[in-house]
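Student: Got a minute to go through this model with me? I'd like to start with the aromatic rings and then move on to the sheet.

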Amino acid sequence: MKQFKDIICVVDSDTAYEYLLERAVALAENNQASLTVVDITEKISADMVSDTELASASDMQSAMTNTAETLIEDIIAPYRERLDIKTKVLTGIPFMEIIREVLRGGHDIVIKLADMHDWLDNIFSSDDMHLFRKCPCPVWIIKPQEKKTYKRILVSVDIDNTSSSDKHEAQQALNEQTLELACSLALSDFAELHVVYVWHAVGESAMRGAFMDTPEEKILAYTEQVRQQRSASLNKLLQDVLGKSGEDFMDYIKPQVHLIKGWARKEIPALAKRIDADLVVMGTVARTGIHGFFMGNTAETILNQIDSSVLAIKPPGFETPVTMED
């Protein structure tokens, strides 16, 4: 199963962080990984402070940093005996500084609370969505006031045998990593694991259109053939990933498999709601070479409809558009 080596946990003085820290510390312990806890302060520029103010911009920046450092030390104090925790205060735009810290420190997962606001329809803020789109490592964003342990984890995979060899290999690697992470978390929480693959038969609508007028029995035979192919591909993926952990692992974890005909952007949020999923684990697909497209439209639509915690994973070879310079 997938193991993490270097975890970054993002805290915020304005939110309840106890559950977040407990999750991060437990994850570090289970993976024998290092843990860095960071807070992010606003950058104070000279034009934000007038000459009549009692403190200069640099003095205010230092004071904010010192306050954040004190906060971090206070909140990690109960965990010092369990783990050697590093701390850091970053300054600037939150999502950009988080990604830059990932690049500097080689962290392999970001864990933080969702920036929920009363005026938003979904639980993820603009900064959260930027992290989902652009952070090069997995991003685990936790819903505030969450349960101490998960009961149901939903993992989404996407199996496309029609792509080119390179794209198919990249998608397969993403599926394997996504499934491995979901299995690891299901084991640690003794949670139900639900695996979903949403498929559709290409050309079915055209076959029913006036220009083709295909007999219904032929359409049904075609869609059933596609369903069987997708089912076989999903079973092979499960055997390939879960089989690495031994012959009895599949029987032990007992994943509940959902092979659903339809469109992922509709069916995955509906299934997450129907089974009351505590966590959704999913891959995001980057459109390399097109500026601004760092997450697939389907993944973005799904995230905007989900009200549970999410662990989002980038495909192999993803390169963030965020640079170390401002």
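Tutor: A term first: rings of Phe, Tyr and Trp count as a pair if their centres lie within 6.5 Å, with the six-membered ring used for Trp. Planes under 30 degrees apart are called stacked, over 60 edge-to-face, and the rest tilted. Keep in mind that this is a predicted model.

Student: Fine. How many aromatic pairs does the structure hold?

Tutor: Two. One is formed by Phe124 and Phe132, which sit edge-to-face, 5.1 Å centre to centre with 85° between the planes. Both Phe124 and Phe132 are buried.

Student: And what about the rings of Trp140 and Tyr150, how far apart are their centres?

Tutor: The centres of Trp140 and Tyr150 are 6.3 Å apart and the planes make 45°, so this pair is tilted. Trp140 belongs to strand 5 (residues 139-142), while Tyr150 is in the loop between strand 5 and strand 6 (152-156), so the pair ties together parts 10 residues apart in sequence.

Student: Is Tyr150 buried or exposed?

Tutor: Buried, because its relative accessibility is 1%. Trp140 is buried as well, with a relative accessible area of 2%.

Student: Which residue lies over the face of Tyr150?

Tutor: Arg23, at 4.1 Å from the ring centre. There is also Lys314, which lies over the face of Phe318 at 5.3 Å from the ring centre.

Student: OK, the sheet now. What is the strand order?

Tutor: The sheet is open and has 10 strands, in the order 3-2-1-4-5-10-9-6-7-8, with mixed pairing. Strand 3 and strand 8 are at the edges with a single partner strand each, so one side of each has no neighbour in the sheet. From one strand to the next the twist averages 20°.

Student: What packs on the sheet, touching strand 2 and strand 3?

Tutor: That is helix 2 (residues 57-76), whose direction makes about 155° with that of strand 3.

Student: How many bridges join strand 1 to strand 2?

Tutor: Five, and the two strands run parallel; strand 1 covers residues 6-10. Within that pairing, Ile8 has Thr36 of strand 2 as its bridge partner. Strand 2 also pairs with strand 3 (residues 85-91), again in the parallel sense, over seven bridges. There the bridge partner of Val37 is Thr87 in strand 3.

Student: Why is strand 2 described as largely enclosed?

Tutor: Strand 2 spans residues 34-41, and seven of its eight residues are buried, so the rest of the structure largely encloses it.

Student: What about strand 7 and strand 8, how many bridges?

Tutor: Six, in the parallel sense. In that pairing Val196 stands opposite His258 of strand 8.

Student: Switching to the core. Which residues touch the most other members of the largest one?

Tutor: Leu35, Trp140 and Ile153, in a nonpolar core of 59 residues. A separate core has 39 residues, including Val10, Val38, Val196 and Val280.

Student: What does Leu35 touch?

Tutor: Leaving out residues up to four places away in sequence, its contacts include Ile7, Cys9, Ala24, Val25 and Ala28. Leu83, Asp84, Ile85 and Lys86 are also among the contacts of Leu35.

Student: Any odd backbone angles? What is phi of Phe190?

Tutor: Phe190 has a positive phi of about 50° although it is not a glycine. Phe190 is in the loop between helix 5 (165-189) and strand 7 (192-199). At 70% relative accessibility, Phe190 counts as exposed.

Student: And Lys254, where is that?

Tutor: In the loop between helix 8 (249-253) and strand 8 (256-261). Lys254 also has a positive phi, near 45°, and is not a glycine. It is exposed, with a relative accessible area of 61%.

Student: Last one. How far apart in space are Thr320 and Ile99?

Tutor: 8.3 Å from C-alpha to C-alpha, with their positions 221 residues apart in sequence. Thr320 is in the segment after strand 10 (309-313). Thr320 counts as buried because its relative accessibility is 17%, and buried means under 20%. Leaving out residues up to four places away in sequence, Thr320 touches Ile99, Leu103, Lys134 and Pro136.

How values were computed:
Residues are numbered from 1 along each chain as its sequence is written. This is a predicted model: local features need pLDDT of at least 70, side-chain atom pairs count only at pLDDT 80 or more; totals for chains, interfaces and linings use all residues. Side-chain values use heavy atoms; hydrogens and water are left out. Buried means under 20% relative accessible area, exposed over 50%, partly exposed in between (1.4 Å probe, protein chains only). Helices (H or I, at least four residues) and strands (E, at least two) are DSSP runs, numbered from the N terminus. Two strands pair if DSSP finds at least two bridges between them. A nonpolar core is a set of buried Ala, Val, Leu, Ile, Met, Phe, Trp, Tyr and Cys residues joined through side-chain atoms within 4.5 Å. Contact means heavy atoms within 4.5 Å. Axes are lines fitted to C-alpha atoms, for helices over the stretch in contact, and angles run from 0 to 180 degrees between N-to-C directions. A charge sits over a ring if NZ of Lys or CZ of Arg is within 6 Å of the ring centre and within 35 degrees of the ring normal.
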